[in-house]
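Let's work through a few exercises together, with the structure open beside you. Each task comes with a solution in small steps.

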Amino acid sequence: MQPQPPAPACYRHPDRATGLACTRCGRPACPECLTAAAVGQHCVECIQQGREDVRPVRNAAGATVSRIPQPFVTYTLIALNVIVFAVTAVQAHSVMDNKRSQLFYDWVLVPGFVGESGGWLRVLGSGFLHYGPIHLLANMFALYVLGPYCEVALGRARFVAVYLVSLLGGSAAITALSDPLTASAGASGAIFGIFGAVAVVMLRTRQNLTQIAVLLGINLVITFSVPGISVWGHLGGLLAGTVATGGILYLPRWLRIRDPRTVLTVGWAAVAVVALAAVLVTALAAPSL
């Protein structure tokens, strides 16, 4: 009788004889190195190669779509606004009259102070200040409603960029068009930018714009009819957020760009241009007192 040839050894464990093999590459492997697949069983390397070969699903903005996206950035922005408000309330020893705090004084946007030493901190910092709890609650509720949708559509990094660009746009409009001694604060400019961003996303994905148009219309009516609201801050934020998001979603399409990495690059370039424009407007318009 012919002697039986020795059983092949596992390709990862040479000391283990096995009668099993990967159905994809044919290499012998022990049960520990095999994973059940839809057809047969695959070894560790084939499973890893399969994961690398799968292209990530991307949305219209070029952002990678995860199965269960969580709006962590939206929640973080809300937390930051609440924390800053708590600090001002503690410093002022008052929840309702928190504008008497030192942090509020240092960060509130006064166009005439922007050109001074440290004045540029007001351009961004003012977007995290609020005049009392009602002001804070109204803005954070709007961010809670709009933020998750926009964050998932644009991706976390570009959502942060659009938010900050909108904030810059609101500050630039206030600096250029408001009285030099007018004090302005609040996340409204950034949130109006998110309003514009959501509208652009819905337009790009061919969704019904009625609901967002009604919400935006109501907020614009409030902006123009209620005394004390920074009209230019709202309009500047709305313009900046809308233009930046339009650049992300439409510019690659107009340029007929299909490569995902190039789409991302063009989108970031569009956001950077809007941010640079807002910074230049602020710098050129800042009055000297």
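**Exercise 1. Place Phe72 and classify its exposure.**

Start with the secondary structure: Phe72 is found in helix α2. Helices here are DSSP runs (H or I, at least four residues), numbered from the N terminus. Next, take the relative accessible area of Phe72, which is 46%. Buried means under 20%, exposed over 50%, and partly exposed in between (1.4 Å probe, protein chains only). Phe72 is therefore partly exposed.

A word on the model: it is predicted, so local features need pLDDT of at least 70 and side-chain atom pairs pLDDT 80 or more, while totals for chains, interfaces and linings use all residues. Residues are numbered from 1 along each chain as its sequence is written, and side-chain values use heavy atoms, without hydrogens and water.

**Exercise 2. Find the residues that touch the most other members of the largest nonpolar core.**

First, the term: a nonpolar core is a set of buried Ala, Val, Leu, Ile, Met, Phe, Trp, Tyr and Cys residues joined through side-chain atoms within 4.5 Å. The largest one has 55 residues, and Leu143, Tyr163 and Ile194 touch the most other members. Among the helices supplying at least two residues each are α2 (72-92), α5 (132-154) and α7 (188-204). Of these, α7 gives the most, with 10 residues.

**Exercise 3. List what Ile194 touches.**

Count contacts as heavy atoms within 4.5 Å. Leaving out residues up to four places away in sequence, Ile194 touches Leu146, Cys150, Phe159, Val162, Tyr163 and Ser166.
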